[in-house]
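I opened this model today with a few simple lookups in mind. Here are my notes, in the order I made them.

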Amino acid sequence: MEIILAAMPFLIILVLLFILRQSAVRAGISAYLLTLLIGLVIPRFQIERQEILHATVKAVLTSAIVAYVLLFGIFLYHIMNETGLIKRIASLISGSTQDPVRQVILLVVAFSPLVESVSGYGIAIIVVAPILVELGFSSFKAVLLSLLGLSAVPWGALATGTYIGANLAGIPFQRLGTDVAVLSIPTFFYFAVTAVYLAGGWQGVRAKWAELMLVAGSLAFSVWLFNAYVSIELAGVFASLVALGVEFAFIYFTAKSTPEEAAFSLAARNQSKADILKTMSPYLILTGVLFISRLVPPIKAFAGSHAVFSLPAYSFSLPVLYSPGFSIFLTCLLTILLFKIQKHVIKRAVQLSLKQWLPVTLSTIAFIGTSEIMAAAGMTTTLAQAAAAAFGSAFVLCSPLIGGFGGFLTGSNVASNAMLINLQVEVAKQIGMPAELFASMQNTSSSHMTMASPSRVLLGASVCNIRSEENRLLQKIFPMALGSLVLVLAAVFLLNLRG
């Protein structure tokens, strides 16, 4: 009975989302209220009102980190869209190749991880989905593809979630990052093949098989290489640039295979380099600002120690200047100045941004609030201990499911790790298995399941103006994301056999 009660918040979310087809905001608020009721009424999970307030405030603060980045990420998209930059980027890509499969390889497999690694929190959805629509994909398929493009979430926002997970678990940052890179290798191929299948069916996969494997392989190998030997924070960024270079090389050297592709390739080469640089300048500026703030020691030290909003009672700290949100804010400001964007355009972009930002933020607060109260009431511990007692060393099968569900529930690798990684490590110690293994499974599975998170799906549906399709999107992306958990487990067993 206790296990059923502990699982009730999860069950109500699943029922509301997948059966009653309610919005993510309603599902999140309903789960939060139900968890609150259980914590107040059920003796086994009873918690003091002060603990409830503490958990709720902590959820709001954690959500604020996400909301800070998200607000300016959405705003950057809208000012780029209102000034026609999104269409110009779409034109650059369509000018490089007319093949929809190659467009997906470029955008979803290679470019989306770059955007997500730089900004995190699903910002790649806001960038990639509208470009796909401009290229001729349906809004529904564009959202699905943009969700699949979130393959680099462990390195999102410069590996913020991985860093927090390493600190909480007491595991060296580089060790966790490298382990996650190894476990993610098969998922990079999986998401790439799935995306191409959505774009061109099995015929598209067969036609571009070698190209697809090389691009996905270069991304996977480079992520591991940069994690192990360069920088975990910037691994996703550099690896994506390598993957983009590989795909553009394919396009360049095979463009003459048909007259149509040759014509498009010639048009792309004739474009002014200055025009291309100006069109891409918002992303180049953002990447440059982030590189400087992370790689130049005096600037990194200044940004990390000034304008820091800290509440030790809630274990909360937000370095306002060091956060990716500030880098995106500076990018927005410089983009406005560079393109001389008029006041009425800025005003409209602000209005559209707030309209999309508010429901996503509310749902994020509700889901994280549910998670925090469950953790405070011992509901999460009850579920995990029951699984450990039932399976023993076979709990390794449950670990990705727990981590994945944390990512699905909160839509944030940061929040999922904050809620579950200590628990995963503790269970690993109890059953005599390596803590690093469970921490890496938690981080990897949590990251990949965020693409099926209701809040991420809501974001994609909002960006493409298909809110009515929110539940159908969830039903499509959820099994795709679950497939990544199977691959994580397969990678774990192969590594154990090899060891």
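**Entry 1: salt bridges**

I began with Asp179, which is buried at a relative accessible area of 19%. That value only just qualifies, because buried means under 20%. A reminder to myself before going on: this is a predicted model.

Next I looked for the salt-bridge partner of Asp179 and found Arg175, with 2.9 Å between the closest N and O atoms. Arg175 is partly exposed, at a relative accessible area of 43%. So the bridge joins a buried Asp179 to a partly exposed Arg175. Both residues sit in helix α9, which covers residues 173-207. They are four residues apart there, so about one helical turn separates them.

How many salt bridges are there by this rule? I noted a count of six, and I looked at two others besides the one in α9.

One of the six is between the side chains of Arg44 and Glu2, at 3.4 Å from N to O. This pair links distant parts of the chain, with the two positions 42 residues apart. Arg44 is in the loop between α2 (24-41) and α3, while Glu2 belongs to helix α1, residues 2-19. I checked accessibility for both: Arg44 is partly exposed at 38%, and Glu2 is partly exposed at 39%.

The other bridge I looked up joins Glu469 and Arg472, whose closest N and O atoms are 2.8 Å apart. Glu469 comes out as partly exposed, with 24% relative accessibility. Arg472 is also partly exposed, at 39%.

**Entry 2: the nonpolar cores**

Which residues have the most contacts inside the largest nonpolar core? I wrote down Leu107, Phe111, Ile131, Trp155 and Ile477, in a core of 148 residues. Helix α3, residues 49-82, supplies the largest share of this core, with 15 residues.

There is also a second, separate core of 20 residues. Its members include Leu183, Phe395, Ile402 and Phe438.

I went back to Leu107 to see what surrounds it. Setting aside neighbours within four places in sequence, Leu107 is in contact with Ile93, Ser112, Val128, Ile131, Leu132 and Leu135. Ile131 is a familiar name from the list of residues with the most contacts in the core.

**Entry 3: helix α3**

Since α3 gives the largest core its largest share, I took a closer look at this helix. It has 34 residues and reaches 47 Å from the first C-alpha to the last. The expected span at 1.5 Å a residue is 50 Å, and the 47 Å is close to that.

Where does α3 bend? I found the bend at Val66, and the angle is about 30°. Just after the helix, Gly84 takes a positive phi of about 85°.

I stayed with α3 to look at His78, which has its place in this helix. His78 counts as buried, at 5% relative accessibility. The side chain of His78 makes a polar contact with the side chain of Gln356, at 3.0 Å. Leaving out neighbours within four places in sequence, I listed Ala349, Leu352, Ser353 and Gln356 as the residues in contact with His78.

**Entry 4: Thr364 in α16**

Is Thr364 buried or exposed? It is buried, with a relative accessible area of 7%. Thr364 lies in helix α16, residues 343-377. The side chain of Thr364 reaches the backbone oxygen of Val360, at 2.8 Å. Beyond its neighbours within four places in sequence, Thr364 is in contact with Ser63, Thr410 and Ser455.

**Entry 5: two last positions**

I looked up Phe405 and found it in helix α18, residues 399-410. Apart from neighbours within four places in sequence, Phe405 is in contact with Phe10 and Leu14. I also took the separation of Phe405 and Ala349: they are 56 residues apart along the chain, with 34 Å between their C-alpha atoms.

My final stop was Ala386, found in helix α17, residues 379-391. Ala386 is partly exposed, with a relative accessible area of 24%. Ala386 and Ser416 are 30 residues apart along the chain, and 19 Å separates their C-alpha atoms.

Note on methods. Residues numbered from 1 in each chain as written. Predicted model: local features only at pLDDT ≥ 70, side-chain atom pairs only at ≥ 80, totals over all residues. Heavy atoms only, no water. Core = buried A, V, L, I, M, F, W, Y, C linked by side-chain atoms within 4.5 Å. Buried < 20%, exposed > 50% of the residue type's maximum accessible area, 1.4 Å probe, protein only. Contact = heavy atoms within 4.5 Å. Expected span 1.5 Å × (residues − 1). Bend = angle between axes of the 7 residues up to and from the residue. Salt bridge = Lys/Arg side-chain N within 4 Å of Asp/Glu carboxyl O. Polar contact = N/O pair within 3.5 Å; in protein donor to acceptor, adjacent residues only side chain to side chain.
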